[in-house]
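Thank you all for coming. I would like to walk through one structure with you this morning, beginning with its overall layout and then turning to how some of its parts meet.

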Amino acid sequence: MLSAKDLLEDQTINDIVNQILENKEFVDECVDKIKTEVLKDNKIDINDIPNLICIVSLILNNRPKIKINNKTMKEVIKLLIIRLLIQVKYVKLEEAMPILPDQEKLIDMSLELLGTTLIV
């Protein structure tokens, strides 16, 4: 999966995310839930990452559908999370690493789990 810095520079992924972020209702709902459920203690830790992904995924599922493959879906959700964290002023783009490596690793691992299906 691409790093946060690479995703911010990837025009194709950014175009998809920009389409999603054009929906003001989606953005407002996500920002509100992120502020109240994830950033209530002003930090993002291991317990917040699954909740953050869940918030974005659930709200995204209630919007018009965009057809993308599984790999692109993970990158879109990751960039979407980063862009929403920029909106709530948790992430600063001017920094060399816009998100901490441990946080990014947790997001990547959680998104991999999200895309995993078991055959029993």
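Following the protein chain along its sequence, you read the pattern α-α-α-α-α-α, which is to say 6 helices and 0 strands. Please keep in mind throughout that this is a predicted model.

For the chain as a whole, 40% of the 120 residues count as buried, and the accessible surface comes to about 7,400 Å², with 55% of that surface belonging to carbon and sulfur atoms. Among the contacts with a separation of 6 or more, 78% are between residues 24 or more positions apart.

Let me now turn to helix α3, residues 24-38, and begin with its contact with helix α4, residues 48-61, where the two axes come within 10 Å and cross at roughly 160 degrees. Since angles over 145 degrees count as roughly antiparallel, α3 is therefore roughly antiparallel to α4, and the crossing of these two helices is right-handed. On the α3 side the residues involved include Phe26, Glu29, Cys30 and Lys33, and they belong to a set that meets α4 residues including Asp48, Leu52 and Ile59. By class, this contact has 9 nonpolar, 1 polar and 4 charged residues.

How, then, does α3 lie relative to α5? The axes of α3 and α5, the latter being residues 70-87, also come within 10 Å, but cross at roughly 75 degrees, and the two helices are therefore roughly perpendicular to each other. Here Phe26, Val27, Cys30, Val31 and Ile34 in α3 meet Leu80, Leu84, Leu85 and Gln87 in α5, a contact with 8 nonpolar, 1 polar and no charged residues.

Conventions:
Residues are numbered from 1 along each chain as its sequence is written. This is a predicted model: local features need pLDDT of at least 70, side-chain atom pairs count only at pLDDT 80 or more; totals for chains, interfaces and linings use all residues. Side-chain values use heavy atoms; hydrogens and water are left out. Axes are lines fitted to C-alpha atoms, for helices over the stretch in contact, and angles run from 0 to 180 degrees between N-to-C directions. Helices (H or I, at least four residues) and strands (E, at least two) are DSSP runs, numbered from the N terminus. Angles under 35 degrees count as roughly parallel, over 145 as roughly antiparallel, 65 to 115 as roughly perpendicular and the rest as oblique. Contact means heavy atoms within 4.5 Å. Ala, Val, Leu, Ile, Met, Phe, Trp, Tyr, Cys and Pro count as nonpolar, Asp, Glu, Lys and Arg as charged, and the others, Gly among them, as polar. A crossing is left-handed if the near helix is turned anticlockwise from the far one by less than a right angle, and right-handed if clockwise. Buried means under 20% relative accessible area, exposed over 50%, partly exposed in between (1.4 Å probe, protein chains only). Accessible areas come from the Shrake-Rupley method with a 1.4 Å probe; for residues, only the protein chains shown count as cover.
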